[in-house]
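Visitor: I've just started learning about protein structures, and the vocabulary puzzles me. Could you walk me through one and tell me what each word rests on?

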Amino acid sequence: MKQIEEQTYYEILEVNPHATAKEIQRAYENAKETYHRDSLAIYSLFSEEEVNKIQAAIEESYRVLVDEASRKIYDQSHLQISDGPKWEQPVEVQAISPKKKAPLSFTDLSINAGEEIYRGKTLREIRERIGIDLKAISTETKISTKYLEWIEEEALEKLPAAVYLKGFLKSYAQSLGLDPQKVVEGYFKFLSENRKDRSSL
Amino acid sequence: MIWTIGGGKGGSGKSFITANIGICLSKLGVRVILIDADLGGANLHTLLGISPPALSLSDFMKRRVSNLCDILIPTSIPNLQLLSGAQDLLNASDAKSVQKRKLLRAIQGLEADTTIVDLGAGNSLSVLDFFLMSDGGIMVVTPEPTAIENTYRFLKSAFYRRLRQSVSSYPVKNLIDGAMDRKNEMNIQNPHDLIKAVRRIDEEDAERIIEEVESFHPNLILNQVRSKKDIEIGFSIRSACQRYFGIHLHYLGYVVYDQEVSHSIRRRRPLVLENARSRAAQCITEIASKLANSHPMSLRI
């Protein structure tokens, strides 16, 4: 039973010390959602001071672990991977119905608590932090790299019709472990704001 | 195996879930006894479509019946028996502790593969003791701030009561009583602070408390979920419990909001029998399978 100050960054983000960058990204977004000030799950349990402390620890853990170089240094100084922190996969709900392709499966979801707009630049930053190249995304999603580049470059005039763009964004978001709905909403919000700015010029 | 189904708030669906999980388990070949221990507001029989039984727990508690087996009611569902709650005893929820201990012992002595005890709402000592005496305590909560607030209140009460029962020294027991109040003079704000304070009084009790914390694994069912976000709240509650209490809460699953639930209750026909293909019934079946798998040796298929 450790206090947050005594936990490793992996324990704070509730990920395995062997987690991939994508898993760390997802864990971070889950943690942000859980310990968001308006989160139902912490309602009445923690004081404001405790929430601030947890949020700061989550941000610091993510900052270090998402960057390959700083993670390596951290691992060397803080972890003995062989007997690292006790870790348990969040299996309970999936175990209920292993056969069913759960439309509401936890692992298929990721959350973004903030009001962040998922513009192309943001998606590229997340992808690069995770360390996946566009070609891999293209293979996984069957979306041409050209379209993926245009999405990231925010090449508005080259983007396909909204109905296709939504589909592309959903697949792209899933491959990054992000919440597809939030990415679509965020990207379209960005597009609409951008259009407003242009028309006001 | 004794499961208790509780949680702080009335109306969260404890009785509905108890009845339907019990039926699912009995259909799997598990010998099930359902006990309505909501001593102030028993209505499990109604959910099972049974008229108010002539004999109930109050007969046992008032010593009109000496053996709990004598008030077991068979149901039309094979492998499923009901032990009805107190019907005619307005103050049954205030039963004396001697009576409650006697009842606890009698429940533990019942012959069944699985006993599921439907607890009443609230944090009374009877409810907490029933919850803690079981092999697995299950909290049912709806994704609403009021329900979650009450659930945490319930969990805190059960948690501290369990710790209190585990320690031997009276100064430590008093410390735990004090810790329940967040405005306590000792500035104990959470279980971490409590352990530090106990360690200053009695090292052995501090170790006992840590052991208790590590072995306390309550379970959670989210009821009436309407969105993916609602489902995720279960995982977030699990994370929050780990961080606050240091306990590992099992998220057993969720039951979706479904109009079929209220239809089945109005018809006094259990959902899993009336409409087994409904979304809520499927969720309950999945949860029941999980419970059955937790003790596969008792399956009699």
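Guide: Happy to. A residue is called buried if 20 or more other C-beta atoms lie within 10 Å of its own. By the way, this is a predicted model.

Visitor: Which residues are buried in helix H5 of chain B?

Guide: In H5(B), residues 125-133, the buried ones are Ser126(B), Val127(B), Leu128(B), Asp129(B), Phe130(B) and Phe131(B). The cover over them includes strands S1 (2-6), S2 (32-37), S5 (114-119) and S6 (136-141), along with helices H4 (97-108) and H6, of chain B.

Visitor: What makes Val256(B) partly exposed?

Guide: Let's count. Val256(B) has 19 other C-beta atoms within 10 Å. Buried needs 20 or more and exposed needs 12 or fewer, so with 19 the label for Val256(B) is partly exposed.

Visitor: Where does Val256(B) lie, and what is it in contact with?

Guide: Val256(B) is part of strand S8(B), residues 250-256. Beyond its neighbours within four places in sequence, Val256(B) is in contact with Val225(B), Arg279(B), Ala280(B) and Cys283(B).

Visitor: How do you know that Val256(B) and Ala19(B) are not in contact?

Guide: Contact asks for C-beta atoms within 7 Å. What I can give you here is a C-alpha separation: 17 Å, for two residues 237 apart along the chain.Visitor: Why are H6(B) and H7(B) called roughly antiparallel?

Guide: Two packed helices are described by the angle between their axes and the distance between the axes. For H6(B), residues 145-166, and H7(B), residues 170-179, the angle is about 175 degrees and the axes are 9 Å apart. Angles over 145 count as roughly antiparallel, and therefore H6(B) and H7(B) get that name.

Visitor: Which residues make that contact?

Guide: H6(B) brings Tyr160(B), Leu163(B) and Arg164(B), while H7(B) brings Lys173(B), Ile176(B) and Ala179(B). Sorted by class, that gives four nonpolar, no polar and two charged residues.

Visitor: What makes the pair H1(B) and H13(B) oblique?

Guide: Helix H1(B), residues 14-27, and helix H13(B), residues 279-293, cross at roughly 60 degrees, and their axes come within 9 Å. Under 35 would be roughly parallel, and 65 to 115 roughly perpendicular, so roughly 60 degrees lands in the oblique group. The crossing is right-handed. On the H1(B) side you'll find Ile17(B), Asn20(B), Ile21(B), Cys24(B) and Leu25(B), and these meet residues of H13(B) including Ile284(B), Ile287(B) and Leu291(B). This contact has nine nonpolar, two polar and no charged residues.

Visitor: Which residues touch the most other members of the largest nonpolar core?

Guide: That core has 113 residues, and the ones you're after are Leu13(A), Leu34(B), Ile221(B) and Ile284(B). Apart from it there is another core, of 16 residues, among them Tyr118(A) and Leu148(A).

Visitor: How many helices and strands does chain A have?

Guide: Chain A has 10 helices and zero strands. Of its 201 residues, 30% are buried.

Visitor: How many residues does each chain give to the contact between chain A and chain B?

Guide: Chain B gives 31 residues and chain A gives 26. On the chain B side, the largest share, 11 residues, comes from H10(B). By class, that side divides into 16 nonpolar, eight polar and seven charged residues.

Technical notes: Residues numbered from 1 in each chain as written. Chains lettered and ligands numbered in written order. Predicted model: local features only at pLDDT ≥ 70, side-chain atom pairs only at ≥ 80, totals over all residues. Core = buried A, V, L, I, M, F, W, Y, C linked by C-beta atoms within 7 Å. Axes fitted to C-alpha atoms, helices over the stretch in contact; angles between N-to-C directions. Helix = DSSP H or I, 4+ residues; strand = E, 2+ residues; numbered from the N terminus. Contact = placed C-beta atoms within 7 Å. Nonpolar A, V, L, I, M, F, W, Y, C, P; charged D, E, K, R; others polar. Left-handed = near helix turned anticlockwise from the far one by under 90°.
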